[in-house]
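This report describes selected local features of one protein model. The sequence and the structure are shown first, and the discussion follows.

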Amino acid sequence: MSTAQTTTACIRVAVTSAPADLFDYLPPVPGGPVVPCAGMRVLVPFGRGRRVGMITSVAATSALPPDRLKRIDALLDRTPLLTDGDLRFVLWAARYYQCSPAEALFSAIPARLRRPEPVLDPAAPGWRATAAGATLAMADLQRAPRQRDALGLLRSQPAGLEDGMLRQRLGDCSAALRALASKGLVARCRIAADAGNGPSASAPNAEHPPPKSAQASDQAPNQDTGPELNTEQQQAVDIIAQQSGFGCFLLDGVTGSGKTEVYLRLIEGALAQGRQVLVLVPEIGLTPQLRERFARRIAAPMAVLHSALGERERELAWQQAASGRARLVLGTRSAIFTPMPALGLLIVDEEHDASLKQQDGFRYSARDLAVRRGQLADSPVVLGSATPSLETLFNAREGRYRRLALTRRAGQAADPDIQLVDIRGQYLETGLSHALLTHMDQQIEAGNQVLLFLNRRGFSPVLTCHDCGWVSECNHCDARMTLHRGRDQLLCHHCGLTQPRPLRCPCCESPDLRPLGQGTERVEDTLRKRFAGVPLARIDRDSTRRKGELERLLAAAQRGDYRILLGTQMLAKGHHLPAITLVGIMDIDFGLYGTDFRAAERMAQLLIQVAGRAGRADRPGTVLVQTRHPQHPMLERLLRQGYGSFAEAALAERAAAALPPFSHQALLRADSPKAQAALEFLRQVLVTARPLAPPSVEFWGPAPAQMERRAGRVRAQLLLQAPRRSQLQGLLATLLPRLRALPAPRHVRWSIDVDPRDLY
Ligand code: ADP
Ligand code: ZN
Ligand code: ZN
């Protein structure tokens, strides 16, 4: 072996779409200007093709002889995208959730960078008006309308406009711009990403709001200082602010108790110490309302990261955070991976929310990762909720988290009064009881707003034939197709299959087809007749499909344009609608006897969150909950004694059954178009796993999934449960590599979900 080879470093790469391991490569042909470092992307030969990968480490030697190693084709980055600390965090998450390092790493960076493309230059090329162009009499361009438009637009934007923006406003105007340039009226320039569309774009309060914004916004002229905190809020702020280094806090505050105010004070404090702050919110929680509230209060540059951003916007926001320029990052689930060199505080709002868990691919919990990241960054972590998850309450009870309570609503608002409406034997008008309708009459009469909650969209959950009993079943799922009258279709909510609405029964040709049960469309129908002339908005996934529609409806609701709001769980979260005095929950029973052991917890959270929309300002609120099980012990307890007491009882049940958080689970799911194949595969998994597992690990199944057939695939699952996390992790670490090495079962797809939220 030559000396040249002993000094040759071996570079370990996580390769996209490759098996779960890391692969060793030789550095690219020497003499390049950039030294390969961990955190840089590379292009490598793999199999018969080339793949993008990321360097995870540079080692002195490989277990493989150098002549077996291939050479990296190219380095794609000049500087690492992720620091060593970032890499450590993401690779830890990959190990914990049993995901391949490459999949985890490439989920942690902007989507565009999964392709072999260079990182965006945040300064994009553009045009600006020159001094001569700024003072030219526009009449001089009368005979050149395209030039006149282009110059006019650039004159209104003294900082210039980037090419893309010009194209978007004017179409292809490059000839006009070249002509203007030849007359010295416009000039080429670079436009920094955070310059927005001109000087006004950076101030959130200015006349032109920033374009829905990924970019950091600079200090606003009039920062709002917020209300004076009450004692409980102040106490929470003081205790958390004293924490130096890692510590996890549960901010357990009833809806409207001013949790967000507490976050804002903590953020101000951390920013004043030169730290960056990461705030995670659930998907539906990141409304323009919330963004504006933060922008109004926080003077420092902020980056907002959510799934509706375009790739470019997202990447620029990511860069702002990674460079340290954005001091505050406000984002949904995936923002947990945003590199932040000065991270000093993490906040997870609505920590119980399901959308904080990724449900496919890299199935991580952003909440749990926030705690881990806080540990690695040696920073405090705040989990906030009015309805904390049982896991988090348990951690607080065990002393791992410190619980801080906000027991009263902030300001003038009083707690809502929650009442059960026993609908057994009652006449219901499209699911609405007489009691509920009467209350609605009164509140509408009094000039107040009413919110009705029904977690089922569409017109009716099933269409049936009155003559032969046919029901609208999905061909690909063990489920019924929902009738959507607005689009005149049957739609499967599980696989997305649509069919035109049949006019006759497919079985017996009878024209007497009847919708059974109700969804929001049908209730809307009834309400529009019953409350003719009362402005009503339906808010669900169908009515808000158009971009910006949800924001528009919510803003109008807040202005009081609507008197009745009818919606699904899109209405349950965080929105502050001060004029609502009555909340009607049409159907809560689904949660009482659900098969999933978390059904009751979810029901309670939803109920309390929806109820929390009532009476948030000076007008008191009432909540009516329709049920056929008014004596259900969990429901009674929840309403009489509150969520905390409910949670205690629910935890006691979990303890008795040794269910999480008193044990730890991982779920292996498999599916196949062939009837027995998934089940067969999981039987084989069980045979492999048993001998590897300590005796305390329990196996449940394999068994068919609750909805066995979905989208044409037959599904099965195997649940692994262990008293200790470490036992489960130990088993998975040895089991998963063996499963991946098993001869690939034909047509069977499988996945592993660590700490699953849903057991179907
Ligand atoms: P949460 O996040 O717990 O739902 P918010 O922080 O949104 O509560 O507060 C609810 C409302 O009460 C907001 O309008 C907020 O401005 C107001 N508020 C919060 N704290 C106070 C306070 N100490 N005094 C007066 N009003 C407050
Ligand atoms: Zn029929
Ligand atoms: Zn289907």
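Cys495 has a relative accessibility of 27% in this predicted model, and it therefore counts as partly exposed, the limits of that class being 20% and 50%. Cys495 is one of the residues that coordinate the zinc ion (ligand 3); the donors are Cys474 (SG), Cys477 (SG), Cys492 (SG) and Cys495 (SG), at 2.2 to 2.3 Å. The angles among these 4 donor atoms run from 105 to 114 degrees, and the site is tetrahedral. Along the chain, the donors of the zinc ion (ligand 3) show the spacing C-x2-C-x14-C-x2-C. Two of them connect distant parts of the chain: Cys477 lies in the loop between strand 19 (462–465) and strand 20 (482–484), and Cys495 in the loop between strand 21 (489–491) and strand 22 (498–500), 18 residues apart. Cys477, with a relative accessible area of 2%, is buried.

The zinc ion (ligand 2) has as its protein donors Cys465 (SG), Cys468 (SG), Cys505 (SG) and Cys508 (SG), which lie 2.2 to 2.4 Å from the ion. Its arrangement is tetrahedral because the 4 donor atoms subtend angles of 105 to 113 degrees. For four tetrahedral donors, the ideal angle at a metal is 109.5 degrees. The donor residues of the zinc ion (ligand 2) follow the spacing C-x2-C-x36-C-x2-C in sequence. Cys468 is placed in the loop between strand 19 and strand 20, and Cys508 in the loop between strand 22 and strand 23 (513–516), so this pair ties together parts that are 40 residues apart in sequence. Cys468 is partly exposed at 40% relative accessibility, and Cys508 is partly exposed at 34%.

The two zinc sites are set side by side below.

| Ligand | Donor atoms | Distances | Angles |
|---|---|---|---|
| Zinc ion (ligand 3) | Cys474 (SG), Cys477 (SG), Cys492 (SG), Cys495 (SG) | 2.2 to 2.3 Å | 105 to 114 degrees |
| Zinc ion (ligand 2) | Cys465 (SG), Cys468 (SG), Cys505 (SG), Cys508 (SG) | 2.2 to 2.4 Å | 105 to 113 degrees |

Disulfides are a separate matter. With a cut-off of 2.5 Å between cysteine sulfur atoms, the count comes to 0 disulfides. Cys173 is accordingly in no disulfide, the nearest cysteine sulfur being that of Cys189, 13 Å away. For Cys189 the closest cysteine sulfur is in Cys173, and the 13 Å between them is too far for a bond. Cys173 is buried, with a relative accessible area of 6%, and Cys189 also counts as buried, at 14% relative accessibility.

Cys189 falls within the residue range of strand 9 (186–191), one of the elements that cover the buried residues of helix 6. Which residues of helix 6 (residues 163–170) are buried? They are Asp163, Met165 and Leu166. Viewed down the helix axis, these buried residues fall within an arc of 160 degrees, so they line one face of helix 6. The face turned away from that buried side carries the exposed residues Arg167 and Gln168. The cover over the buried residues includes, besides strand 9, strand 7, helix 5 (145–155), strand 8 (161–162) and helix 7 (174–182). After helix 6 comes Gly171, which has a positive phi, near 75 degrees.

Thr130 occupies the loop between strand 7 (124–129) and helix 4 (131–135). Its relative accessible area is 15%, under the 20% limit, and Thr130 is therefore buried. Apart from neighbours within four places in sequence, Thr130 is in contact with Gly184, Leu185, Val186 and Ala187.

Ala111 is located in the loop between helix 3 (101–107) and strand 7. At 28% relative accessibility, Ala111 counts as partly exposed. Ala111 and Arg312 are 201 residues apart in sequence, while their C-alpha atoms are 9.3 Å apart in space.

An open sheet remains to be described. It is formed by 6 strands in the order 5-2-1-4-3-6, with mixed pairing. Strand 5 (70–71) and strand 6 (74–75) are the edge strands, each pairing on one side only. Within the sheet, strand 1 (residues 10–15) and strand 4 (residues 49–59) run antiparallel and are joined by 6 bridges. Val15 stands opposite Gly53 in strand 4. Strands of a sheet pair through backbone hydrogen bonds, in either a parallel or an antiparallel manner.

Terms used:
Residues are numbered from 1 along each chain as its sequence is written. Chains are lettered from A and ligands numbered from 1 in the order in which they are written. This is a predicted model: local features need pLDDT of at least 70, side-chain atom pairs count only at pLDDT 80 or more; totals for chains, interfaces and linings use all residues. Side-chain values use heavy atoms; hydrogens and water are left out. Helices (H or I, at least four residues) and strands (E, at least two) are DSSP runs, numbered from the N terminus. Buried means under 20% relative accessible area, exposed over 50%, partly exposed in between (1.4 Å probe, protein chains only). Contact means heavy atoms within 4.5 Å. The arc is that of the directions from the helix axis to the C-beta atoms. Donors are N, O and S atoms within 2.8 Å of the metal (3.2 Å for Na, K and Ca); water is not among the atoms, so sites may look incomplete. Four donors count as tetrahedral if all angles lie between 85 and 135 degrees; four count as square planar and six as octahedral if opposite donors are over 155 degrees apart and all others between 65 and 115; anything else is irregular. Two strands pair if DSSP finds at least two bridges between them.
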